[in-house]
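Trainee: Got a minute to go through this one with me? I'd like to start with the charged side chains.
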Amino acid sequence: MQDSARQDLKFIEAAIRLSGEHMRANDGGPFGAVVVKNGEIVATGWNKVTSTNDPTAHAEVTAIRNACSKLNTFQLNGCVLYTSCEPCPMCLASAYWARVDRIVFAATRQDAAKIGFDDEFLYREIACALDQRKIPTQQLSREDATKIFAEWEAKADKIRY
């Protein structure tokens, strides 16, 4: 086995270990994640949805938040996200926004669906036209909001992300 494959296995096993430990501790669902930079774990995360009453506290999001805080940055270039399960749409988007270099996962989204964590609905909803989505969605005050966008565009001291 190559060194990179050995390293991937080591970190995916760490994510899986976190998923089991924290699921057994009733912190939330059976999901764990680690963020690795330069061959070292810089942050960990596990599902905390039910223990914090935060529907966004998925393992990947928690690990990304912890990594950004520890590294004092909002971009995780040079980092790899290892997660015990294929990321849901929210977690996948978070990884893209954080600009991780790579994602490595263990269980598939189909495996998660078999135990009641079915994200296929969300993947389908994203592709729907606004008037076809299950949650009624409407647009108001676009002109007022785009004035703020114009202000942002002209702002000389903005931090781009």
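Mentor: Sure. Keep in mind that this is a predicted model. A good place to start is Glu120, which forms a salt bridge with Arg109, their closest N and O atoms being 2.6 Å apart. That pair links distant parts of the chain, with Glu120 in helix H6 (residues 120-127) and Arg109 in helix H5 (residues 109-114), 11 residues apart.

Trainee: Are Glu120 and Arg109 buried, exposed or partly exposed?

Mentor: Glu120 counts as partly exposed because its relative accessibility is 26%. Arg109 is partly exposed too, with a relative accessible area of 24%.

Trainee: How many salt bridges turn up in the whole structure?

Mentor: A search finds 7. One of them joins Lys155 and Asp157, with the closest N and O atoms 2.7 Å apart. Lys155 is partly exposed at 38% relative accessible area, while Asp157 is exposed at 57%. There's also a network: salt bridges that share partners join Glu86, Arg109 and Glu120.

Trainee: And where do Asp3 and Arg6 lie?

Mentor: Both are in helix H1 (residues 3-24), 3 residues apart, which is about one turn of the helix. Their side chains meet in a salt bridge, 3.1 Å from N to O. Asp3 has 58% relative accessibility, so it counts as exposed. Arg6, at 44%, counts as partly exposed.

Trainee: OK, switching to strands. Why is S1 described as largely enclosed?

Mentor: Strand S1 covers residues 32-37, and 5 of its 6 residues are buried, so the rest of the structure largely encloses it.

Trainee: Which way does S2 run relative to S1, parallel or antiparallel?

Mentor: Antiparallel, with 6 bridges joining S1 to S2 (residues 40-46). Within that pairing, Val35 stands opposite Ala43 in S2. The hairpin has 2 residues between the strands, and Asn38 takes a positive phi there, near 50°.

Trainee: How many bridges does S1 make with S3?

Mentor: S1 pairs with S3 (residues 79-85) over 5 bridges, again in the antiparallel sense. Val34 stands opposite Tyr82 in S3.

Trainee: Last topic, the surface. Which residues form the nonpolar patch?

Mentor: Phe74, Trp152, Ile159 and Tyr161, with about 480 Å² of accessible area together.

Trainee: Where is Phe74 found?

Mentor: In the loop between helix H3 (59-71) and S3. Phe74 has a relative accessibility of 41%, so it counts as partly exposed.

Definitions and conventions
Residues are numbered from 1 along each chain as its sequence is written. This is a predicted model: local features need pLDDT of at least 70, side-chain atom pairs count only at pLDDT 80 or more; totals for chains, interfaces and linings use all residues. Side-chain values use heavy atoms; hydrogens and water are left out. Buried means under 20% relative accessible area, exposed over 50%, partly exposed in between (1.4 Å probe, protein chains only). Helices (H or I, at least four residues) and strands (E, at least two) are DSSP runs, numbered from the N terminus. Two strands pair if DSSP finds at least two bridges between them. Patches are made of residues with over 30% relative accessible area and no salt bridge: like charges are joined within 9 Å, nonpolar side chains (Val, Leu, Ile, Met, Phe, Trp, Tyr) within 5 Å. Accessible areas come from the Shrake-Rupley method with a 1.4 Å probe; for residues, only the protein chains shown count as cover. A salt bridge is a side-chain nitrogen of Lys or Arg within 4 Å of a carboxyl oxygen of Asp or Glu.
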